[in-house]
Amino acid sequence: MNIMALFNALPGSVAQGLIWGVMAIGVYITFKVLDFADLTVDGSIATGGAVAVMMMLSGHSVGVALVAATIAGMLSGLATGVFHVAFGIPGILAGILTQLGLYSVNMRIMGKSNQAISVDKYDLILSLRDIPHAIIVSIVFCAAVIGLMYSFFGTEVGRGFRATGNNEKMARAQGINTNSMKVLGLMISNGLVGLAGGLYAQYQGNADVNMGRGAIVIGLAAVIIGGVIFKKFDFNYALRMVGVVGGAIMYFVVIAVVLWLGLETTDMKLISALIVALFMAVPHLKGKYAANHVKRGGGENA
């Protein structure tokens, strides 16, 4: 095996990890902070990409396109929130319903299943053709998102938001409108996912109606890997979000290594599932090992 081929692939993995890290922060907000299993992201990331590409193809600037992609993602989260809060649909099912509906919405936005956008014709802010530049731009976006979210968590609304995730009944008893907090969280989360979709569409040079398939797995992998590997640096929300971005980078590095070892690209879904399962199992297995070690130690002392 050519080790240089692996090293040449790593910068691209880092760039993808950083872009998907923005999406993973969105998943972290619902999955960890709000304690809400949201499956909307498989659809909303494609919505963000579709809106961004179509806005740029229509002559709008990249900045306007990314703002529109973020708003489109927020509207997707709002739909899930309304399904859950107003109609009483369970959170997981509400996300699935929105994700299902977004497939048709994305087809309407693009007019077909795929829309290409060339860096030669449009002033894109990042592209697969210039990976070092893409890494720098992605780092800036990740840092900005982490800074904004950390500031938000320190506000009164942010504290109410965190309280809803920690203990919804207690938060409600303290006068917090937990339903509003859920809707707000879903909107913020999917807004970030839509932004990531807009960035990723530019990076790969096209928006595809299926570009979000399996996105929730990547997002959860980033959150779980970040929580396991960077647990020692888990001092506050800012560092937790940095860990999530690090988890996204680790995920794509692992994928690059797996491809380098010669596995087929068609095995990626299975490999992704196994990676998530492995890292989810680590805390449980460590806990069982520690408990058995304590019991064994106690028996020996006795």
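**Aromatic pairs**

Begin by selecting the aromatic side chains of this predicted model, in which 9 aromatic pairs are counted. Select Tyr-200 and Tyr-203 next: their ring centres lie 6.3 Å apart and their planes meet at 25°, so the pair is stacked. Pairs count as stacked when the planes are under 30 degrees apart. Both tyrosines belong to helix α8, which covers residues 178-204. They stand 3 residues apart there, about one turn of the helix. Tyr-200 and Tyr-203 are both buried.

Now turn to Tyr-251 and Phe-252, an aromatic pair of the edge-to-face kind. The distance from centre to centre is 5.2 Å, and the angle between the planes is 90°. Are Tyr-251 and Phe-252 buried or exposed? Tyr-251 has a relative accessible area of 4% and is buried. Phe-252 has a relative accessibility of 9% and also counts as buried.

Keep these four residues selected and add Trp-20: Trp-20, Tyr-200, Tyr-203, Tyr-251 and Phe-252 form one aromatic cluster.

**The whole chain**

Show the full chain as a cartoon. How many helices and strands does the chain have? There are 11 helices and 2 strands. Followed from the N terminus, the order of elements is α-α-α-α-β-α-α-α-α-β-α-α-α.

A compact globule of 302 residues would have a radius of gyration near 19 Å, and the value of 20 Å for the chain agrees with this. Along the principal axes, the C-alpha atoms fill a box of roughly 75 × 60 × 30 Å. Of contacts between residues at least 6 apart in sequence, 77% join residues at least 24 apart.

Switch to a surface display. The accessible surface of the chain is about 14,800 Å², and carbon and sulfur atoms account for 65% of that area. Buried residues make up 46% of the 302 residues. Colouring by charge brings out 19 positive and 13 negative side chains. The centres of these two sets lie 8 Å apart.

**Thr-30 and Asp-35**

Select Thr-30 in helix α1, residues 3-33. Its relative accessible area is 2%, so Thr-30 is buried, the limit for this class being under 20%. Which residues does Thr-30 touch, not counting those up to four places away in sequence? They are Asp-35, Phe-36, Asp-38, Gly-185, Leu-186 and Ser-189.

Move from Thr-30 to Asp-35, one of the residues that Thr-30 touches. Asp-35 has a relative accessibility of 58% and counts as exposed. Its backbone deserves a look. Most residues other than glycine have a negative phi. Asp-35 is not a glycine, although its phi is positive, at about 60°.

**Thr-80 and Val-183**

The next selection is Thr-80, in helix α3, residues 62-85. With a relative accessibility of 0%, Thr-80 counts as buried. Leaving aside neighbours within four places in sequence, Thr-80 is in contact with Asp-38, Thr-40, Ala-94, Gly-95, Thr-98 and Leu-186. Asp-38 and Leu-186 appear among the contacts of Thr-30 and among those of Thr-80.

Return to helix α8 and select Val-183. Val-183 is buried, with a relative accessible area of 16%. Its contacts, leaving aside neighbours within four places in sequence, are Leu-78, Gly-81 and Val-85. Display His-84 as well: Val-183 and His-84 are 99 residues apart in sequence, while their C-alpha atoms are 8.7 Å apart in space.

**Gly-154 and Trp-260**

Where is Gly-154? Gly-154 lies in the loop between α5 (131-153) and α6 (156-166). Its relative accessible area is 43%, which means that Gly-154 is partly exposed. A distance drawn in the viewer from Gly-154 to Tyr-28 spans 17 Å, C-alpha to C-alpha, for two residues 126 apart in sequence.

The last stop is Trp-260, in helix α10, residues 237-260. Trp-260 counts as partly exposed at 25% relative accessibility. Draw one more distance, to Leu-18: the C-alpha atoms of Trp-260 and Leu-18 are 21 Å apart in space, and the two residues are 242 apart in sequence.

Terms used. Residues numbered from 1 in each chain as written. Predicted model: local features only at pLDDT ≥ 70, side-chain atom pairs only at ≥ 80, totals over all residues. Heavy atoms only, no water. Helix = DSSP H or I, 4+ residues; strand = E, 2+ residues; numbered from the N terminus. Rg over C-alpha atoms; globule rule 2.2 N^0.38 Å. Buried < 20%, exposed > 50% of the residue type's maximum accessible area, 1.4 Å probe, protein only. Contact = heavy atoms within 4.5 Å. Areas by Shrake-Rupley, 256 points an atom, 1.4 Å probe, with all protein chains shown as cover. Lys, Arg positive; Asp, Glu negative; His and termini not counted. Charge placed at Lys NZ, Arg CZ, Asp CG, Glu CD. Phe/Tyr/Trp six-rings, centres within 6.5 Å; stacked < 30°, edge-to-face > 60°.
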